[in-house]
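Biologist: I have a structure to show to a first-year class. Please walk me through it with me asking and you answering.

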Amino acid sequence: MHIEPKYPPYTESHFFDDHRSERPMVEDTVPRGSLRVDVARFSGKIDGADITYFPIPIARADLERGMDRFNIYCSPCHSRIGDGNGLIVMRGMVQPPSYHTPRLREAPVGHFFDVITNGYGAMLNYAQQIEPRDRWAIVAYIRVLQYSENANINDLPMEARNRLPQAGQAEPERLKAAELDEPIAPPDADLTNFPNEPATPSGVPGVFGAGARPGKQPERK
Ligand code: HEC
């Protein structure tokens, strides 16, 4: 067994016509876990038309995953609420449309999947960074954002409605009412004064982004 007939890598073979010992993959080979027979699930389309339903079940955990991925990959341009005023846009990037326009509120879920998969106009695609399951989670979270900006008071349970400030109520009263329970979206302390006062003070060693002094960035290791 110690010495056995074998081809070390890249050795020429006289057995095969093309003289390669490395054999090409058999045609139509599919790696385990990559069989994509469900076209709707992997393209967001059926017969070229955007699908209007989620091709996988969406649970609360998926919405949370979607929020997490959205905040990482999309919010820099689209902002955390999807109105298109992300930090990069504030610094000069082309402004994307708000998700809260009637057109995008009515757009089928397949359209959002397609935009992430193939890009759209000035926006590059995220097919390499975001796997299909996470793309659907992000699409579901975009629906959450759209709902959050257009919810009707009648959608709230009575108990939650009672906690809302009444119309015309003074600002301090509203704050007190909000303090009764956890705020819906706690403010991001680091970003309160951004960009006037970056969260990272300028000149802190090892910083390449906000706060790094122009021309004085430390060497990347
Ligand atoms: C680098 C900035 C940037 C990032 C990051 C980004 N987008 Fe965009 N997005 C844009 C711009 C710019 C447009 C407008 C493109 C155009 O109309 O030419 C756009 C457009 C869109 C649209 C609207 C398409 C339409 O029908 O008008 C959707 C939906 C969208 N993006 C989703 C996403 C999602 C989801 C992510 C995260 C996975 C994301 N984008 C990440 C810049 C970005």
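Biologist: How do the residues of the shell around the ligand divide into nonpolar, polar and charged?

Modeller: Here Ala, Val, Leu, Ile, Met, Phe, Trp, Tyr, Cys and Pro count as nonpolar, Asp, Glu, Lys and Arg as charged, and the others, Gly among them, as polar. Keep in mind that this is a predicted model, where local features need pLDDT of at least 70 and side-chain atom pairs count only at 80 or more, while totals for chains, interfaces and linings use all residues. Residue numbers start from 1 along each chain as its sequence is written. The shell comes out as 18 nonpolar, two polar and no charged.

Biologist: Which residues are the closest to the ligand?

Modeller: A residue is near the ligand if its C-beta atom, placed from the backbone, lies within 6 Å of it. That gives 20 residues around the ligand. The closest ones are Cys-74, Cys-77, Pro-96, Gly-121 and Met-123.

Biologist: And which elements give two or more residues to that shell?

Modeller: Helices (H or I, at least four residues) and strands (E, at least two) are DSSP runs, numbered from the N terminus. The whole protein has nine helices and two strands. Two or more shell residues come from each of α3 (75-78) and α6.

Biologist: Let's stay with α6. How many of its residues are buried?

Modeller: Buried means 20 or more other C-beta atoms within 10 Å of a residue's own, exposed means 12 or fewer, and partly exposed is in between, with C-beta atoms placed from the backbone. In α6, the buried ones include Phe-112, Phe-113 and Asp-114. What covers the buried residues includes β1 (45-46), β2 and α7. So α6 is largely enclosed by the rest of the structure, and its buried count, out of 10 residues, is seven.

Biologist: Which element gives the most to the largest nonpolar core?

Modeller: A nonpolar core is a set of buried Ala, Val, Leu, Ile, Met, Phe, Trp, Tyr and Cys residues joined through C-beta atoms within 7 Å. The largest has 17 residues, with Phe-112, Phe-113 and Ile-138 among those that have the most contacts inside it. Both α6 (109-118) and α7 (132-150) supply at least two of its residues. With eight residues, the top contributor is α7.

Biologist: How do α2 and α7 pack, parallel or perpendicular?

Modeller: Axes are lines fitted to C-alpha atoms, for helices over the stretch in contact, and angles run from 0 to 180 degrees between N-to-C directions. Under 35 degrees is roughly parallel, over 145 roughly antiparallel, 65 to 115 roughly perpendicular, and the rest oblique. For α2 (residues 60-73) and α7, the axes are 7 Å apart and the angle is about 90°. That makes α2, relative to α7, roughly perpendicular.

Biologist: Is Asp-50 buried, partly exposed or exposed?

Modeller: Asp-50 sits in strand β2 (residues 49-50). Its contacts (C-beta atoms, placed from the backbone, within 7 Å) beyond four places in sequence include Lys-45, His-111 and Asp-114. Because Asp-50 has 17 C-beta neighbours inside 10 Å, it counts as partly exposed.

Biologist: How about Tyr-10, buried or exposed?

Modeller: Tyr-10 is in the segment before α1 (39-43). Its C-alpha is 6.7 Å from that of Glu-22, a residue 12 places away in sequence. Because just 8 other C-beta atoms lie within 10 Å, Tyr-10 is exposed.

How values were computed:
Contact = placed C-beta atoms within 7 Å.
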